[in-house]
Amino acid sequence: MMRTAGFALLATLAGTSAYAADPMGAWFNEDKDGIIQIVDCGGALCGTVVWLKNAIDPATGAPPADKKNTDPALRARP
């Protein structure tokens, strides 16, 4: 009886681990002040900011800009 319960628990945990490896879904960032939605974009992964704890940049009074974008032309976009 105990062996069967242990096996069932291991099978459940193994199934959970496989699911947790799927990157798609809505995820908090490391600081928990934003949520990013990850979706499949034709075989690639795309992320979109869907929630921000501080939706207004205190320095500008406007929504935060993409100021850390590697493409300088995109750094002014919200």
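Q: Let's start with one side chain: is R77 buried, partly exposed or exposed?
A: Keep in mind that we're reading a predicted model here. To place a residue, look at its relative accessible area: under 20% is buried and over 50% is exposed. R77 comes out at 42%, so the label is partly exposed.

Q: Okay, and which residue does R77 meet in a salt bridge?
A: For this kind of feature, look for a side-chain nitrogen of Lys or Arg within 4 Å of a carboxyl oxygen of Asp or Glu. Here the partner is D66, with 2.9 Å from N to O. D66 is partly exposed too, at a relative accessible area of 23%.

Q: How many salt bridges turn up if I search the whole structure?
A: Just 1. Both D66 and R77 sit in the segment after β3 (44-52), so the bridge ties together parts that are 11 residues apart in sequence.

Q: What about disulfides: how many does the structure hold?
A: Check for cysteine sulfur atoms within 2.5 Å of each other. The structure has 1 such bond, and it links C41 with C46 at an S to S distance of 2.0 Å. As for the surroundings, C41 has a relative accessible area of 32%, which makes it partly exposed. C46 gets that label as well, with 29%.

Q: How do I read aromatic rings, then?
A: You describe a pair of rings by how far apart the centres are and by the angle of the planes. A search of the whole structure gives 1 aromatic pair. That pair is F28 with W51, 6.3 Å centre to centre and with 85 degrees between the planes.

Q: Is the pair of F28 and W51 stacked, tilted or edge-to-face?
A: Planes over 60 degrees apart count as edge-to-face, so that is the name for F28 and W51 with their 85 degrees.

Q: Where do F28 and W51 lie?
A: F28 is in strand β1 (residues 25-28) while W51 is in strand β3, so this pair ties together parts 23 residues apart in sequence. Both rings belong to partly exposed residues: F28 has 49% relative accessibility, and W51 has 38%.

Q: Zooming out, what pattern does the protein chain follow along the sequence?
A: Go from the N terminus and note each helix and strand in turn. You get α-β-β-β, that is, 1 helix and 3 strands.

Q: And how much of the chain counts as buried?
A: Of its 78 residues, 8% do. The accessible surface adds up to about 6600 Å², with 64% of that belonging to carbon and sulfur atoms.

Terms used
Residues numbered from 1 in each chain as written. Predicted model: local features only at pLDDT ≥ 70, side-chain atom pairs only at ≥ 80, totals over all residues. Heavy atoms only, no water. Buried < 20%, exposed > 50% of the residue type's maximum accessible area, 1.4 Å probe, protein only. Helix = DSSP H or I, 4+ residues; strand = E, 2+ residues; numbered from the N terminus. Phe/Tyr/Trp six-rings, centres within 6.5 Å; stacked < 30°, edge-to-face > 60°. Areas by Shrake-Rupley, 256 points an atom, 1.4 Å probe, with all protein chains shown as cover.
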